[in-house]
Amino acid sequence: YESKADGNRYTNWQDNIAPTKEEVESYLKKKKYEWKWGADDSLTYWAVYPSVVPHAQTGERCWFNQIHAHHKTFYTTHPHFEGNPVAEERWPVHCTYGDGSEIEPDVLSHLRKTVWDHSVTHSPVSGDLLVCDNYLSLHGRMSFPDDCERKVYVIAAYA
């Protein structure tokens, strides 16, 4: 994350995690992340997670990650960065294999194609309620029209 400043192209750590470095570090410690602060007050943090985890209730093996959306190539064509790229290590998010090696383009392409091929869409209307088990389905959304007001209410229940 960049530090809060005019001209940021993405979110900053102050608004997205916590307003002070002490609070950010406390949060990262609780989540068991590693991190480093940049000379420009930027924040880089990371952790190694398995790509498949057991479902919390059934134990079923579930593909549970966002490799398809959290690889730096998701941003290389993003409008906020088009014609104005960042240094290689400064993309908003990035993921690699657990050993730090890069995910091959053909593997990433296969993952993205698989996600897209298994996507189901729903056009909600006022009053709809959507209940989603995030272990069994990736959650996501398409963009909203510029003239559409987006209202999202979230209730989370944990067993």
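1. A good place to start is the aromatic residues: the structure holds 5 aromatic pairs. Please keep in mind throughout that this is a predicted model. Take Y1 and Y45 to begin with: their ring centres are 6.0 Å apart and the planes meet at 25°, so this pair is stacked. The two tyrosines come from distant parts of the chain, with their positions 44 residues apart. Y1 belongs to the segment before helix 1 (13–16), while Y45 sits in strand 2 (residues 43–46).

2. How exposed are the two partners? Y1 has a relative accessible area of 22% and is therefore partly exposed. Y45 is also partly exposed, because its relative accessibility is 28%, and the buried class ends at 20%.

3. Y45 has a further partner in Y33. Here the ring centres lie 4.8 Å apart and the planes are at 80°, so the pair is edge-to-face. Y33 is in the loop between helix 2 (21–30) and strand 1 (34–37), so its pairing with Y45 in strand 2 ties together parts that are 12 residues apart in sequence. If you are browsing the model, it is worth displaying Y1, Y33, Y45 and Y49 together, since these four form one aromatic cluster.

4. Staying around Y33, have a look at A47. This alanine is in the loop between strand 2 and strand 3 (52–54), and its relative accessibility of 30% makes it partly exposed. Beyond its neighbours within four places in sequence, A47 is in contact with K32 and Y33. For K32, the C-alpha atom is 7.4 Å from that of A47, although the two residues are 15 apart along the chain.

5. Another aromatic residue, W37, has a lysine for company. K21 lies over the face of the W37 ring, 4.7 Å from the ring centre.

6. Finally, a polar residue to check: is Q14 buried or exposed? Q14, which lies in helix 1, counts as buried, because its relative accessibility is 17% and the cut-off for buried is under 20%. A polar atom of the Q14 side chain lies 2.8 Å from the backbone nitrogen of K4. K4 also appears among the contacts of Q14: setting aside neighbours within four places in sequence, these are E2, S3, K4 and P19. I would view Q14 and K4 side by side, as the contact list and the 2.8 Å distance both involve this pair.

Key. Residues numbered from 1 in each chain as written. Predicted model: local features only at pLDDT ≥ 70, side-chain atom pairs only at ≥ 80, totals over all residues. Heavy atoms only, no water. Phe/Tyr/Trp six-rings, centres within 6.5 Å; stacked < 30°, edge-to-face > 60°. Helix = DSSP H or I, 4+ residues; strand = E, 2+ residues; numbered from the N terminus. Buried < 20%, exposed > 50% of the residue type's maximum accessible area, 1.4 Å probe, protein only. Lys NZ or Arg CZ within 6 Å of the ring centre and 35° of its normal. Polar contact = N/O pair within 3.5 Å; in protein donor to acceptor, adjacent residues only side chain to side chain. Contact = heavy atoms within 4.5 Å.
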